[in-house]
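Student: I have a model open and want to go through its fold with you. Can we start with the strands and work outwards?

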Amino acid sequence: MMFTQADHEYMSLALRLAEQGLYTSTPNPRVGCVIVNHGQIIGQGAHLKAGEPHAEIMALGDAQANFPKLIQGADVYVTLEPCSHFGRTPPCADALIKAGVKRVIAAMQDPNPQVAGSGLARLKAAGLEVKHGLMEAQARELNVGFISRMTNHRPFVRTKIAASLDGKTGLANGESKWITGEAARQDVQHWRARSCAILTGIETVLADDPQMNVRHTSHARQPLRVVVDSQLRLSPSAKILAGGNTLVAYLRDAENKAEALTNAGATLIKLQASDGKVCLKQLLSHLAEYGINEVTVEAGQTLNGALLSLNLIDEFVFYYAPTLLGADARGMFAIPVLKNMEEKVQLSILDVRQFGQDIRIRAKPISKP
């Protein structure tokens with residue numbers, strides 16, 4: 001399907017508008033919209049928060065306030081197919097039809113089964129010219145978590161690991177602060193802020209007593225903190241419980257801590273066992289039902305290894321510091337010993353950049369045939 005250079009420019013603007021909801025739109029997708037009439041931008045908007053108007057409605061409102069006579073016959077560029085169902089807000093497809101626009105170009109179809117093409121079909125049935133697929137890859141990247149939740153029924157899982165150049169995440173005695181520098185640690189706040197949840201394991205909490213919250217940014221929304229703690233060893237005084245908004249997944253209350261942890265602000269969820277530990281697949285399914293789109297994992301080699309072995313990691317974010325910690329230091333992933341090279345985990349590099357003296361590498365697993 002052919003799109004003009006102007007089409008690309010307007011959709012690029014719509015994508016930049018959608019990024020305004022990067023830290024705030026959850027559990028909804030990040031969506032931007034631009035309305036154009038004869039080469040003039042007459043309206044633009046973004047969806048910023050669940051329950052608030054969608055991007056199309058914001059753009060129509062902008063156009064109505066400034067160029068009301070130019071809405072009739074205008075072109076609409078939107079990063080996600082306009083919705084066709086009643087949720088917290090009325091269908092955007094109906095609003096566009098009522099406004100009298102001529103053409104709608106969507107970057108991608110909505111993966112939500114409640115929409116899934118019906119929005120575009122409704123527009124087409126009303127006589128509008130409809131296209132989709134313009135800059136779809138960029139639109140999908142912006143909403144990898146929403147897409148995963150809608151199609152795979154689990155969040156998009158991004159694992160963050162700080163390591164030395166020889167791939168070690170901490171000393172043999174557990175000490176790990178700080179491997180990377182301030183610039184890299186500040187970049188981590190970006191991944192936390194865009195996530196709906198931060199996932200860690202009990203060993204990390206016992207060793208470091210972390211808060212796992214978003215710091216040094218202006219974004220008020222704090223992600224849900226999730227602790228995998230099969231035996232419920234977590235202390236009620238742990239910093240990760242401060243302020244509530246913490247979910248603890250466990251198998252059994254070995255030390256009768258449930259009541260104390262609940263009183264300390266934790267939400268407990270008892271899950272099924274898998275090899276004697278919390279079933280991670282069930283946990284992720286539960287998080288999807290909770291409306292969690294993106295999960296950032298900040299854990300040790302045990303939880304990282306378990307997620308890797310189950311093929312539950314969608315993206316890796318490695319921060320490498322120019323240091324060496326030696327063979328006896330802790331590694332990244334505790335997985336069974338590989339018997340041949342065919343068993344190796346292959347990755348595809350997405351991006352490489354430098355933060356201070358540290359190198360960040362983003363990669364994704366290559367699916368095996």
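Student: How do β3 and β4 run, and how many bridges join them?
Tutor: This is a predicted model. In it, β3 (residues 75-78) and β4 (residues 103-106) are parallel, joined by 4 bridges.

Student: Which residue in β4 stands opposite Val78?
Tutor: Ala106 does.

Student: What holds paired strands together in general?
Tutor: Backbone hydrogen bonds pair the strands of a sheet, in either a parallel or an antiparallel sense.

Student: Which sheet are β3 and β4 in, and what is the strand order?
Tutor: They belong to an open sheet of 5 strands, ordered β2-β1-β3-β4-β5, and the pairing is mixed. β2 (40-46) and β5 (129-132) are the edge strands, each paired on one side only. From one strand to the next, the twist averages 15°.

Student: Which strands does α2 touch?
Tutor: Helix α2 (residues 55-66) packs on this sheet and touches β1 (32-37), β2 and β3. The direction of α2 makes about 140° with that of β2.

Student: And where does α4 lie?
Tutor: Helix α4 (residues 118-125) lies across β4 and β5, and runs at about 155° to β5.

Student: Stepping back, how many helices and strands does the protein have?
Tutor: There are 11 helices and 16 strands. The radius of gyration is 23 Å, close to the 21 Å that the globule rule gives for 369 residues, so the protein is as compact as a globular protein of that length. The C-alpha trace spans about 70 × 45 × 40 Å along its principal axes.

Student: Back to sheets. What is the order in the one with 9 strands?
Tutor: That open sheet runs β10-β9-β8-β7-β13-β6-β14-β16-β15, again with mixed pairing. At its edges stand β10 (266-270) and β15, and each has a single partner strand, so one side of each is left without a neighbour in the sheet. Ignoring direction, neighbouring strands here are turned by 20° against each other on average.

Student: Which helix packs on β14, and at what angle?
Tutor: Helix α7 (residues 182-194) packs on the sheet with its direction at about 165° to that of β14. Besides β14, α7 touches β6 (156-164), β7 (197-201), β13 (294-297), β15 and β16.

Student: What about α11?
Tutor: α11 lies across β6, β7, β8, β13 and β14, and runs at about 110° to β7.

Student: Pick a pair inside that sheet. Are β8 and β9 parallel or antiparallel?
Tutor: Parallel: 4 bridges join β8 (residues 224-228) to β9 (residues 246-250). Val226 stands opposite Leu247 in β9.

Student: And β15 with β16, parallel or antiparallel?
Tutor: Antiparallel, over 8 bridges, with β15 covering residues 347-355. Leu347 has Pro365 in β16 as its bridge partner.

Student: What happens at the turn of the β15 and β16 hairpin?
Tutor: There are 2 residues between the strands, and Gly356 takes a positive phi near 60° in this hairpin.

Student: Where is there a positive phi on a residue that is not a glycine?
Tutor: At His38, with a phi of about 50°. His38 is in the loop between β1 and β2.

Student: Which peptide bond is cis?
Tutor: The one from Thr26 to Pro27 is cis, with omega near 5°. Pro27 is in the loop between α1 (5-18) and β1.

Student: Changing topic: how many cavities of 30 Å³ or more does the structure hold?
Tutor: It holds 1. The largest cavity has about 80 Å³ of space. Its lining has 18 residues, and Ser25, Asn28, Arg30, Asn293 and Glu294 lie nearest the centre.

Student: Which helix gives the most to that cavity lining?
Tutor: Helix α6 (residues 144-151), with 3 residues. By class, the lining of the largest cavity has 6 nonpolar, 8 polar and 4 charged residues.

Student: Last one: what lines the second largest pocket?
Tutor: 25 residues line that pocket, and Asn311, Ile313, Pro365, Ile366 and Ser367 lie nearest its centre. The elements giving two or more residues to the lining are α5 (136-142), α11 (301-309), β14 (315-321) and β16 (358-365). About 630 Å³ of space lies in the second largest pocket, and its lining has 13 nonpolar, 4 polar and 8 charged residues.

Conventions:
Residues are numbered from 1 along each chain as its sequence is written. This is a predicted model: local features need pLDDT of at least 70, side-chain atom pairs count only at pLDDT 80 or more; totals for chains, interfaces and linings use all residues. Side-chain values use heavy atoms; hydrogens and water are left out. On a 1 Å grid over the protein atoms alone, a cavity is a set of points where a 1.4 Å probe fits but cannot get out, and a pocket is an open set with protein on both sides within 12 Å along at least five of seven lines; lining residues have an atom within 4 Å of a point. Grid points are joined across faces, edges and corners, and a volume is the space filled by probe spheres set on the points. Ala, Val, Leu, Ile, Met, Phe, Trp, Tyr, Cys and Pro count as nonpolar, Asp, Glu, Lys and Arg as charged, and the others, Gly among them, as polar. Two strands pair if DSSP finds at least two bridges between them. Axes are lines fitted to C-alpha atoms, for helices over the stretch in contact, and angles run from 0 to 180 degrees between N-to-C directions. Contact means heavy atoms within 4.5 Å. The radius of gyration is taken over C-alpha atoms; the globule rule is 2.2 Å times the number of residues to the power 0.38.
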